[in-house]
Amino acid sequence: MRITCPYCGERGNEEFTVTGAADPVRPAPDAPMDAWVAYVHERENAHGAHRELWHHAAGCRAWLVVERDTRTHAVLGVTPLRPEPAA
């Protein structure tokens, strides 16, 4: 699988580390325990387009949101997790 890093260009997926879904929202620090259990352990097994957090560990070390099809592994889009700060 090839991923196009916005900073380094097209690279092999072996340069990246995937950390999971990009969409879960972290509970408030004082949220009930069941909210934390759901956040940490319960994930949807998505079929089709899915947004994931990837770290370009062997490259520019940027955090990226990669949208890919979980059935075919086709990469549908790559965006930085955070936009670059204004110069």
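Select Ala62 to begin: leaving aside its neighbours within four places in sequence, Ala62 is in contact (heavy atoms within 4.5 Å) with Tyr7, Trp54, His55 and His56. The model is predicted, so that local features need pLDDT of at least 70 and side-chain atom pairs count only at pLDDT 80 or more, while totals for chains, interfaces and linings use all residues. Residues are numbered from 1 along each chain as its sequence is written, and side-chain values use heavy atoms, with hydrogens and water left out.

Keep Ala62 selected and add Ile3, Cys5, Phe16, Trp54, Leu64 and Val66, which together with Ala62 form the largest nonpolar core, of seven residues. Such a core is a set of buried Ala, Val, Leu, Ile, Met, Phe, Trp, Tyr and Cys residues joined through side-chain atoms within 4.5 Å. The elements that give two or more residues to this core are strand E1 (2–5) and E5; strands (E, at least two residues) are DSSP runs, numbered from the N terminus.

Move next to Cys5, a member of that core, which at 2% relative accessibility is buried, where buried means under 20% relative accessible area, exposed over 50%, and partly exposed in between (1.4 Å probe, protein chains only). Why is Cys5 not bonded to Cys60? The sulfur of Cys60 is the closest cysteine sulfur to that of Cys5, but at 3.6 Å it is too far for a bond. Cys8 is likewise in no disulfide, the nearest cysteine sulfur, that of Cys60, being 3.7 Å away. With a disulfide taken as a pair of cysteine sulfur atoms within 2.5 Å, the count comes to zero.

Now display the open sheet of four strands, whose order is E3-E4-E5-E6 with antiparallel pairing; two strands pair if DSSP finds at least two bridges between them. Strand E3 (17–21) and E6 are the edge strands, each pairing on one side only. Inside the sheet, seven bridges join strand E4 (residues 49–55) to the antiparallel E5, and Arg51 can be found opposite Glu67 in E5.

Follow strand E5 (residues 63–69) to Asp69, which is buried, with a relative accessible area of 13%. Leaving aside its neighbours within four places in sequence, Asp69 is in contact with Gly48, Ala49, Ala74 and Leu76.

Finish at Gly77 in strand E6 (residues 75–80), a residue that is partly exposed at 26% relative accessibility. Apart from neighbours within four places in sequence, Gly77 is in contact with Val65, Val66 and Glu67.
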